[in-house]
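Hi everyone, thanks for making time for this one. Have the sequence and the model open in front of you, and I'll talk you through what I found.

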Amino acid sequence: MTSPSLAFRKCESLDDISACFALQKEVWCFSDVELVPVRLFVLAGKIGGQVMGAFDGPDLVGFALAIPGYRGGHPYLHSHMLAVRDDHRNSGVGRRLKLFQRDDALARGFALMEWTFDPLEIKNAYLNLEKLGAIARRYNINQYGITTSPLQGGLPTDRLVAEWWMNSERVSRLLTASPSPPFDPEAEIVVPAEVSAWKSSAETKPRAAQVQNAIRSQFLDAFSRGLAALGYQRDQHGNGKFLLGHWSENLAYEGGDHPA
Ligand SMILES: CC(C)(COP(=O)(O)OP(=O)(O)OC[C@H]1O[C@@H](n2cnc3c(N)ncnc32)[C@H](O)[C@@H]1OP(=O)(O)O)[C@@H](O)C(=O)NCCC(=O)NCCS
């Protein structure tokens, strides 16, 4: 359970935005050149995006940053960053920030929010697919090039695109604690728990790279067959498994010239 004293609100003052910037540095440990600058946080809030914070008393303990996008004639939100301070993780803050983003987005007429995530990150995949009801059916190879973040371990920045159709039957059912609409898994993609440790040491990094390559091929193949990642399972050893099938609702903004 989250602490009842947490407050969720938009970050509009420069103090709040500076706190988001500082938390970004703490969570990703990027070199300065890779940090999203304060000026972009300020702009995002002013041009129809979102800068949302979770506060424990006066302290910012989590934030989400989203910018507006446009595809196939429709506006949508691209959520670029979600971060929770280490000592506040795994108590629902990340999920609550996403739900706060959703409330604001729906109130302003957005139906779709997207973000990208590393398929090797088991926790993030579980949060996105199982706790929030996002789906994924696009795979971007080495989206940002090699970054300095230790979270990436020097591997190519491969990313799945999470599509969060915030008013879909899938999401609405999940958020009212009803079972997700059933689907027949037609493919499974396994992510070994050890991959995160393998990324962080020079001797084992080639193993992590092999796993990434294998997972990349499996996703590219599955997506070329029209499958989408719709479910995620974890086992008692911490391994993760994507479950892929055909998404019955199949919502899409077709015809966009910006497919990423
Ligand atoms: C991703 C992140 C924002 C999630 O925030 P959070 O507040 O810890 O998330 P929540 O508590 O709402 O949900 C996490 C869920 O994953 C589960 N989880 C925790 N560790 C896990 C693991 N190793 N494997 C699978 N699931 C895991 C939690 O138990 C929780 O599920 P539950 O509510 O069913 O118990 C946070 O971990 C973070 O800041 N990570 C670093 C930055 C990052 O990767 N951001 C996302 C990409 S931009």
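Let's start inside, with the largest nonpolar core, which has 37 residues. Which of them touch the most other members? Those are Trp-115, Phe-117, Leu-160, Trp-164, Phe-219, Phe-242 and Leu-244. By element, helix 7, residues 205–224, gives this core its largest share, with 6 residues. There is also a second core, separate from that one, made of 16 residues, and Trp-28, Val-36, Phe-63 and Leu-65 are among them.

I should say right away that this is a predicted model, so please hear everything today as computed from it.

Now let's zoom out. The protein chain folds into 7 helices and 10 strands. Its radius of gyration is 18 Å, close to the 18 Å that the globule rule gives for 260 residues, so the chain is as compact as a globular protein of that length. If you're setting up a box in your head, the C-alpha trace spans about 45 × 45 × 40 Å along its principal axes.

How much of the chain is buried? Buried residues account for 46% of the 260. On the outside, the protein chain exposes about 12500 Å², with carbon and sulfur atoms supplying 53% of that area. For the electrostatics fans, I count 27 positive and 29 negative side chains, and the centres of those two sets lie 1 Å apart.

The contacts reach far along the sequence, too. Take the contacts between residues at least 6 apart in sequence: 69% of them join residues at least 24 apart.

Phe-183 makes a nice example. You'll find Phe-183 in the loop between helix 5 (169–175) and strand 8 (187–191). Is Phe-183 buried, partly exposed or exposed? Phe-183 counts as partly exposed, because its relative accessibility is 24%, and buried would need a value under 20%. Setting aside neighbours within four places in sequence, Phe-183 is in contact with Leu-230, Gly-231, Leu-243, Leu-244, Gly-245 and His-246. You met Leu-244 a moment ago, in the largest core. As for Gly-245, it sits 62 residues from Phe-183 along the chain, yet their C-alpha atoms are separated by 6.5 Å.

For contrast, look at Ser-31, in the loop between helix 1 (14–28) and helix 2 (38–46). Ser-31 is partly exposed as well, at 26% relative accessibility. Ser-31 and Leu-77 are 46 residues apart along the chain, and the distance between their C-alpha atoms is 26 Å.

Next, a quick stop at helix 4, residues 122–131. Its buried residues are Ile-122, Ala-125, Leu-127, Asn-128 and Leu-129. As a reminder, an α-helix has 3.6 residues a turn, so residues three or four places apart point the same way. Just after helix 4 comes Gly-133, with a positive phi of about 90°.

That brings me to backbone angles. Most residues other than glycine have a negative phi. Which residues here go the other way? Asn-142 is one, with a positive phi of about 45° although it is not a glycine. Asn-142 lies in the loop between strand 6 (135–140) and strand 7 (159–165), and its relative accessible area of 30% makes it partly exposed. Asn-250 is another residue with a positive phi, near 50°, and it belongs to the segment after strand 10 (240–245).

That's my tour, and I'm happy to take questions.

Notes:
Residues numbered from 1 in each chain as written. Predicted model: local features only at pLDDT ≥ 70, side-chain atom pairs only at ≥ 80, totals over all residues. Heavy atoms only, no water. Helix = DSSP H or I, 4+ residues; strand = E, 2+ residues; numbered from the N terminus. Rg over C-alpha atoms; globule rule 2.2 N^0.38 Å. Buried < 20%, exposed > 50% of the residue type's maximum accessible area, 1.4 Å probe, protein only. Contact = heavy atoms within 4.5 Å. Areas by Shrake-Rupley, 256 points an atom, 1.4 Å probe, with all protein chains shown as cover. Lys, Arg positive; Asp, Glu negative; His and termini not counted. Charge placed at Lys NZ, Arg CZ, Asp CG, Glu CD. Core = buried A, V, L, I, M, F, W, Y, C linked by side-chain atoms within 4.5 Å.
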